[in-house]
Structures are given as C-alpha cells and as structure tokens.
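Subject: Handing over the structure

Hi,

Here is the structure I promised to pass on to you. Have a look at it first, and then read on for what turned up.

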Amino acid sequence: MDLVAHFRRETRAFEDAVRRAARAGDAPPVPSCPGWTVTDLTGHLAWVHRFVAHVVGDRLRDAPDHTDPAFLGLPPDRAGWPDPERPPTHGPVPASLVDWYAAGAAALGALFADRDPEEPVWTWTADRTTGFWLWIQTFEAAVHRWDAENALGAPRPFDAELAADGVGRFLGTVVPAWRTAGRAPSGDGERFGFRRTDGEGHWTVHFDGDTVRCAAGPGPCDVELSGTASDLTLFLWRRITAERLAGVEGDQAVLKRWAVLVPTV
C-alpha cells in the first residue's frame with residue numbers, strides 16, 4: 001500500500017474542506033471535536049505536521065521540546081489565528097492559516113517520500129520508526145478530514161483498503177500506548193472482536209492485566225463489533241459510538257469497559 005499517496009490525498013482533502021469552510025463566513029464548530037471550530041482544527045493539524053517533520057527531518061531519537069516554537073516557521077501576521085489555550089476560535093477561517101497548513105502538509109509528504117520507513121526515530125509508541133509516523137499521520141489526516149467534512153454536514157467514509165489495513169495496527173500499537181499514557185486500569189481478561197463487513201478482516205484484542213494482545217482472525221470474545229472498515233476505524237478513533245456500527249453482539253457491560261480500558265490522550 002502506498003501510504004504516502006494516501007497521506008497526500010487526505011491532506012489535500014482536508015485543505016479542500018477547510019477552504020470551503022473559509023468561504024462560509026464564521027468558522028463552523030466541529031461536532032466530533034467539542035469546543036473547537038474548523039479554525040482550531042486547522043491550527044492543530046498544521047502544528048502536528050511541523051512537529052512530526054521536526055522529529056523525522058532531524059532524525060531525533062529522543063522526545064523534542066514541543067513548547068519551543070522554532071520548528072513551526074510561523075509567519076509574522078497571524079491575525080485571527082487560534083490560541084490553543086483558548087478555544088473555540090470564532091470568525092472567518094484565516095486564509096493565511098490554511099496556506100500555512102498546506103505548506104506544512106506538502107513538506108511533510110515530501111519528507112515521508114524521501115525517508116526509509118525503517119529509519120529509527122522517536123515516537124510515542126513502541127514502534128520507533130519513521131514508518132510509524134507515516135502511518136499515524138495518514139490516519140490523523142484522514143480522521144481530521146472527516147471531522148472537517150462533518151462540520152460542513154457531509155463526511156465521506158475512509159478508503160476501505162486504508163481503513164482495513166489500519167484496524168489491526170491501531171489495536172496492536174495505538175491501544176497499548178494510549179493505555180500507558182492514560183494510566184488505564186488493568187484488564188480483567190476482556191476480549192473484543194472486530195469484524196469487517198465490507199471485505200475480509202477480523203481482529204481480536206485481549207486485555208490481560210497491563211498486557212494487550214492483538215491477533216488477526218476470529219477468536220473467543222466477550223463482545224463482537226461488526227461494521228465496514230471505515231466505520232470500525234471511526235469507532236476506534238472515537239468518532240462514532242458502537243450503536244452506529246452494523247452490529248454489536250455480546251456482553252454490554254464489557255462493551256462499556258472499552259472507554260475505560262482505552263482512554264483517549
């Protein structure tokens with residue numbers, strides 16, 4: 001799978017949605033990111049792209065100081081830009097902010113295309129490679145593209161191949177990292193199954209104390225959640241609830257444990 005192509009497509013689609021929002025006047029609120037407008041969402045993703053470019057571009061092996069603005073390349077005129085400490089940001093989406101986002105997304109895409117995915121760099125998970133950043137930033141762009149389109153009232157699903165490829169990696173890489181960062185409680189043996197309905201794909205994740213075991217394929221589970229690859233991804237990224245999936249079978253009390261076992265950070 002060409003993740004660089006997916007990254008570029010999703011970042012351009014995000015830009016298209018944001019520019020449509022900019023033409024609408026006051027920045028619309030983002031229902032899937034409570035307390036943010038499209039302006040805040042754009043500032044967030046633009047900041048993330050430059051942060052990742054700093055890590056990957058400089059081949060950092062340790063966590064950088066994210067409070068140092070030097071890596072951001074901020075323009076002098078930032079009228080109407082969001083203050084991350086004081087959302088939501090009302091008023092029209094500043095064109096200069098969208099341009100800054102677009103430049104950063106293009107630069108990060110070029111960097112990803114130039115680097116070996118196996119090159120070691122710092123990340124916030126156990127996967128300490130440039131390839132992790134390419135994968136997670138492709139999904140962050142896709143999820144926030146969905147957020148921006150949802151703010152405009154017509155979100156499109158994720159590419160089915162991309163979404164299906166990401167479910168297992170999310171369960172095996174992101175879930176353990178979120179649990180550690182969120183200081184989640186120990187698991188009591190809960191098993192969750194995820195079944196794709198628009199193609200092949202089945203995954204099982206088992207919470208055993210502080211250990212998370214993820215395996216491809218069906219297996220014993222307390223709860224099975226079924227849906228398209230796109231909808232399963234939206235559920236995992238907390239964009240839709242289980243009720244919006246095609247099916248949920250099993251112990252509802254265990255299902256409620258998901259948000260406790262996998263806190264967002």
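To get you started, in which loop does R59 lie? R59 sits in the loop between α2 and α3. Before going further into that loop, please keep in mind that this is a predicted model.

**The chain as a whole**

Seven helices and five strands make up the secondary structure of the chain. Going along the sequence, their order is α-α-α-α-α-β-β-β-β-α-β-α. The radius of gyration is 19 Å, close to the 18 Å that the globule rule gives for 265 residues, so the chain is as compact as a globular protein of that length. Taken along the principal axes, the box filled by the C-alpha atoms is roughly 55 × 40 × 35 Å.

How much of the chain is buried? Of the 265 residues, 52% are buried. The exposed surface comes to about 12,100 Å², and carbon and sulfur atoms supply 51% of that area. If you take the contacts between residues at least 6 apart in sequence, 67% of them join residues at least 24 apart. As for charge, there are 27 positive and 37 negative side chains. The centres of these two sets lie 1 Å apart.

**The strands**

Strand β1 covers residues 187-196 and strand β2 covers residues 202-209. These two strands pair in the antiparallel sense, over seven bridges. One pair to look for is D188, which stands opposite D208 in β2. The hairpin of β1 and β2 has five residues between the strands, and G199 in this hairpin takes a positive phi near 160 degrees.

D208 is also a good place to step across to the next strand, since its bridge partner in β3 is T211. Strand β3 spans residues 211-216 and runs antiparallel to β2, with six bridges joining the two. A hairpin of one residue makes the link from β2 to β3.

What about β4, the strand at residues 223-227? This strand runs parallel to β1, and five bridges join the two. Here you can look for F192, whose bridge partner in β4 is V223.

**The loop between α2 and α3**

Now back to the loop of the opening question. Helix α2 covers residues 38-57 and helix α3 covers residues 95-114. D58 belongs to the loop between these helices, and D58 is partly exposed, with a relative accessible area of 48%. The C-alpha atom of D58 is separated by 18 Å from that of A46, and these two residues are 12 apart along the chain.

R59 is partly exposed as well, with a relative accessible area of 42%. Its backbone deserves a look: phi of R59 is near 50 degrees, a positive value in a residue other than glycine. Most residues other than glycine have a negative phi, and most peptide bonds are trans.

That brings us to P88, which is found in the loop between α2 and α3. The peptide bond that joins P87 and P88 is cis, with omega at about 0 degrees.

Is F71, in this loop, buried or exposed? F71 counts as buried, at 16% relative accessibility. Leaving aside residues up to four places away in sequence, F71 touches W47, R50, F51, H54, D65 and H66. To get a feel for distances across the model, try F71 and S226: their C-alpha atoms are 42 Å apart, and 155 residues separate them in sequence.

**Two other places to visit**

R183 is found in the loop between α5 (160-181) and β1. Phi of R183 is near 50 degrees, a positive value in a residue other than glycine. R183 is exposed, with a relative accessible area of 74%.

A107 is found in helix α3 and counts as partly exposed, at 46% relative accessibility. From the C-alpha atom of A107 to that of L245 the separation is 36 Å, with the two residues 138 apart along the chain.

Enjoy looking around, and write back with any questions.

Best wishes

Methods: Residues are numbered from 1 along each chain as its sequence is written. This is a predicted model: local features need pLDDT of at least 70, side-chain atom pairs count only at pLDDT 80 or more; totals for chains, interfaces and linings use all residues. Side-chain values use heavy atoms; hydrogens and water are left out. Helices (H or I, at least four residues) and strands (E, at least two) are DSSP runs, numbered from the N terminus. The radius of gyration is taken over C-alpha atoms; the globule rule is 2.2 Å times the number of residues to the power 0.38. Buried means under 20% relative accessible area, exposed over 50%, partly exposed in between (1.4 Å probe, protein chains only). Contact means heavy atoms within 4.5 Å. Accessible areas come from the Shrake-Rupley method with a 1.4 Å probe; for residues, only the protein chains shown count as cover. Lys and Arg count as positive and Asp and Glu as negative; His and the chain ends are not counted. The place of a charge is taken as NZ of Lys, CZ of Arg, CG of Asp or CD of Glu. Two strands pair if DSSP finds at least two bridges between them.
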